[in-house]
Amino acid sequence: MPLITLKNVRHSYHDRPLFTDVSFVLEPGQRVCLMGRNGAGKSTLLKILAGEVIPDDGEIALSTGLTRAQMAQTVPTDDRGTIYDVVADGVGDLAEILREYHSLTHQLAENPSDETARRLDELQHEIDTQDGWNLQNQIEQTLTKTGLDGELIFQKLSAGMKRRVLLARALVNEPDLLLLDEPTNHLDIDSILWLEKLLTNISCSIVFVTHDRAFARKLATRVIDVDRGRVTSWSCGYDEFLKRKAAALEAEEKEQALFDKKLAQEEVWIRQGIKARRTRNEGRVRALKKMRDEYRDRRKHVGSVKMEAHVGDRSGQLVFKADQLAHRFGDVRIVNNFSSVIMRGDKVGIIGRNGIGKSTLLRILLGQMKPDQGEVTVGTNVQIAYFDQLQARLDPEQTLRENIGEGNEFVKINGKSKHVVGYLQEFLFTPEQANRAIKYLSGGERNRLLLAQLFAKPSNVLVLDEPTNDLDSDTMELLEDLVVNYPGTVLVVSHDREFLNNVVTSTISFEGDGVVLEYAGGYDDYLIQHNKDTTPPFEAAKPEAKPPEASKPAAEKKDAGKPRGRKLSYKEQRELDGLPEKIESLEAEQEELQAKMADPSFYQKSQDEIKQVSQRLESVGAELLACLERWEELATIQEAS
């Protein structure tokens, strides 16, 4: 029997139609992913399914005794007490009694008193008469299944752990239908993997909104697409949905092209008919009027974001060099003896669980924070554009136009002057939105505006801290293209596995207890090299602390006992220190010679001059290669010493 049936449902938001004539049936056991652009109406449709929003029109039929639970997109700030207290809220009317019973049980064990014992007897009687012990068992089983300690204080937890508690609260009453709005937002990769495993194994139906493509691919058995007011159901997984949707859009474009051609022909006919005849075919006139109305009401496919970063002057070959970095926060070791060299053009992903120190490492590399030990060398002519979602500030009262233009009507992108409104349109903001206050934007739209703000500044190093949160999948794919084709260097902190796989050339992984290792390739390559079991650490028993020798990286343990490499001589150290400047000078000369030879008028010069420049270019190239190899040789000796 269907859980929910929607028939001809319509709904508008602020006089703007979100969707019309929505009809579908939700069956038991399905895992349904709601897909669509930011602002398309996915969260509103989810609230209609939850019973929180009553649609403007249409019918909604629920199966008898249907129980629904949901986990909101944002973590509430008013929840107090222990994890047990928050989870117990999910059982309904008996929650207060069970919370008090649980609290007094611990209180009696620690500080026995007759008054506490009497109150416990009263509570036990109330629980007995209302058959509440089953609910008590459900709470305990849910805490065990989700790996939660009921005695921890909720407000002291990380954002990711709070979301896990809220999921436990939604599951505790064993609902028939679970509704999730962006469940992976701000979760680290291990938490996302844990969530995937949990949701795959529960028996209830799930309807979820997500922009995490790997999560949707793993979970969805059906996709409901919200696009330009139409809601279409696709009985397939995520990958098959993408193929079918692309084919449907292609067929739609062909159909609209034929319609437009016929409309143009009819418009020509009507103008000719007015001149040539007093009477016209009224049926054909009525058909033309209908076609005009249909064309006017057509909601065209929304274009894609046209992301273009303002690229500054080229940086030197060396961008960042970290040498034996070590840093602590109190007793917590963030980084210990970490060394790395980041060259121009590298695309580096940084991964690790929430709160482990990824953003701290970024700030150390950027010179915003001084490490306890070690040194960071920043290359020449480095221009940094830094996207930090948590620290970025947008004045909610400012308009989008004021925010991007900063008082100017034009912005300059890669030598081209663009009007502010036109630039905003490239990021899918309409001219009307350009003059609207930022406070009216959704979370995804604000992130898009932050990216527009970032890319308007000249840079040759992009530093992106969680750039994909709240972005729809289409925008994420375009951001991927920009990062891949960006001629400079990119450092990106992300928990989006597909994004990392598609853009990064190497991965820096925080392993815990200050161990930070570097791997070639994206996230999947990291898993292969790390030989990592994808079961998140918190599902297994927490391992005991290991002695320092056991916690060393594999390569370090392998080399234990071997004599350490020699130190650089004074002359070699001077040579190494001078190589970056020499390399930069050779690169500049190489570019100058290449530009000279690319000019057609160059070949009108004498044969001797052409030969001289050509030979010099070849000589510079060989010298540059030798310098790079020598720099790598000396740097390797220095790191091994």
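Buried means under 20% relative accessible area, exposed over 50%, and partly exposed in between (1.4 Å probe, protein chains only). The model is predicted: local features need pLDDT of at least 70, side-chain atom pairs count only at pLDDT 80 or more, and totals for chains, interfaces and linings use all residues. Residues are numbered from 1 along each chain as its sequence is written, and side-chain values use heavy atoms, without hydrogens and water.

**Exercise 1.** Place A40 and decide: buried or exposed?

*Solution.* Start with the record. UniProt, in an unreviewed entry, lists a "binding site" that includes A40 and S43; such annotations may be inferred rather than shown by experiment. A40 sits in the loop between β3 (31–35) and α1 (42–50). Helices (H or I, at least four residues) and strands (E, at least two) are DSSP runs, numbered from the N terminus. The relative accessible area of A40 is 16%, so A40 is buried. Beyond neighbours within four places in sequence, A40 is in contact (heavy atoms within 4.5 Å) with L18 and V226. S43 belongs to helix α1 and, at 29% relative accessibility, is partly exposed.

**Exercise 2.** Explain why helix α11 counts as largely enclosed.

*Solution.* Helix α11 spans residues 358–365. Because 7 of its 8 residues are buried, the rest of the structure largely encloses it. Among the buried ones are K358 and R363. Just after α11, G367 has a positive phi of about 80°.

**Exercise 3.** Describe how β15 and β16 pair.

*Solution.* Strands β15 (410–413) and β16 (416–419) run antiparallel over 4 bridges; pairing takes at least two DSSP bridges. I413 bridges to K416. The hairpin has 2 residues between its strands, and N414 in the turn takes a positive phi of about 50°. Now the faces of β15: V411 and I413 are on the covered one, F410 and K412 on the uncovered one.
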